[in-house]
Amino acid sequence: MYEARTRNGARSAARSAGQDEEVTRLVRAAAAGEHGAWDRLVSRYVALLWSIALRHGLNESDAADVVQNTWLRLFEHIEDIREPARVGAWLATTAQRESLRIVAQRQRVVPSDDQATFDGADRLQAPVDERLLAREQAAEARAALHTLPPTWQSLVQLLPQDPPLSYEEIGAGLGVPIGSIGPTRGRCVRRLRALVAD
């Protein structure tokens, strides 16, 4: 069993190094203006950005703004990225900040029939501390995760890996049948959503 894990770990490390090189090439090519590289970056990470935006409870229009603004930030700063292989983490962090910004804006809106009374955001209200909000949300998610059975916790932690692990690798690592991973993932997500919503 140990040897199988060691072989799997070595394969994952080799695959990870190869993917890091590929992502680095894509980022450098995109920075040089190659449209095909941009297309490949978008296809590789757009689902991640949508999932981050939607996880914050944003509607489709606001989530689309988050995704668009995140790509715009990358376009503006692509030459400044120090670790091109970690562009996925950079994009995820940027999408998180954009999502929190929109959540904070939405919380400042006060509905009223009298349009003359409110002609903008409440300037007397203190701005939401994004780091505090992110910390609270992360603490809620961790607390909810710790209520799950141990195998479910491990599954939730393995699924969002970058680069993603195959179901075969996850099944081998957890010692569960491959066919049970998808249904278990669905049950985990439903349970976590219910716990965080309470």
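The bend at a residue is the angle between two fitted helix axes, one for the seven residues ending there and one for the seven starting there. The views below come from a predicted model.

**View 1. Helix H2 bends at Tyr-45.** The bend is about 45 degrees. H2 has 21 residues. From first C-alpha to last, H2 reaches 30 Å, close to the 30 Å expected at 1.5 Å a residue. Its buried residues are Ala-37, Trp-38, Leu-41, Tyr-45, Leu-49, Ile-52 and Ala-53. Tyr-45, the site of the bend, is thus listed among the buried residues. After H2 comes Gly-57. The phi of Gly-57 is positive, near 80 degrees.

**View 2. The largest nonpolar core has 27 residues.** Those with the most contacts inside this core are Leu-41, Tyr-45, Leu-58, Trp-71, Leu-74, Val-87 and Leu-91. Four helices each supply at least two residues of the core: H1 (2–31), H2 (35–55), H3 (60–77) and H4 (87–108). Which helix gives the most? H2 does, with seven residues. In soluble globular proteins, nonpolar side chains tend to be buried together.

**View 3. Leu-58 has contacts well beyond its sequence neighbours within four places.** Set those neighbours aside, and Leu-58 is in contact with Ala-53, Ala-63, Val-66, Ser-99, Ile-102, Val-103 and Arg-106. Leu-58 is also one of the core residues with the most contacts inside the largest core.

**View 4. Another nonpolar core has nine residues and lies apart from the largest one.** Its members include Leu-145, Leu-148, Leu-155 and Ile-170.

**View 5. Helix H8 has a buried side and exposed residues on the other side.** H8 spans residues 181–197, which makes 17 residues. H8 reaches 24 Å from its first C-alpha to its last, close to the 24 Å expected at 1.5 Å a residue. Ile-181, Thr-184, Cys-188 and Leu-192 are buried. Why do they lie on the same side of H8? They cover an arc of only 70 degrees around the axis, so they share one side. An α-helix has 3.6 residues a turn, so residues three or four places apart point the same way. On the other side of H8, Arg-190, Arg-193 and Ala-197 are exposed. The buried residues of H8 pack against three helices: H5 (130–146), H6 (150–158) and H7 (167–174).

**View 6. Glu-34 and Arg-40 form a salt bridge.** The structure holds five salt bridges. In this one, the closest N and O atoms are 3.5 Å apart. Are the partners buried or exposed? Glu-34 counts as partly exposed, at 40% relative accessibility. Arg-40 is partly exposed too, with a relative accessible area of 42%.

**View 7. Glu-98 meets two arginines, Arg-73 and Arg-101.** The side chains of Glu-98 and Arg-73 form a salt bridge of 3.5 Å, N to O. Glu-98 lies in helix H4 and Arg-73 in helix H3, so this pair ties together parts that are 25 residues apart in sequence. Glu-98 is buried, at 7% relative accessibility. Arg-73 is partly exposed, with a relative accessible area of 26%. The salt bridge from Glu-98 to Arg-101 is 2.9 Å, N to O. Both of these residues lie in H4, three residues apart, about one turn of the helix. Arg-101 counts as partly exposed, at 29% relative accessibility. Salt bridges that share partners join Arg-73, Glu-76, Glu-98 and Arg-101 into one network.

Key: Residues are numbered from 1 along each chain as its sequence is written. Side-chain values use heavy atoms; hydrogens and water are left out. A nonpolar core is a set of buried Ala, Val, Leu, Ile, Met, Phe, Trp, Tyr and Cys residues joined through side-chain atoms within 4.5 Å. Buried means under 20% relative accessible area, exposed over 50%, partly exposed in between (1.4 Å probe, protein chains only). Contact means heavy atoms within 4.5 Å. The expected span of a helix is 1.5 Å times one less than its number of residues. The arc is that of the directions from the helix axis to the C-beta atoms. A salt bridge is a side-chain nitrogen of Lys or Arg within 4 Å of a carboxyl oxygen of Asp or Glu.
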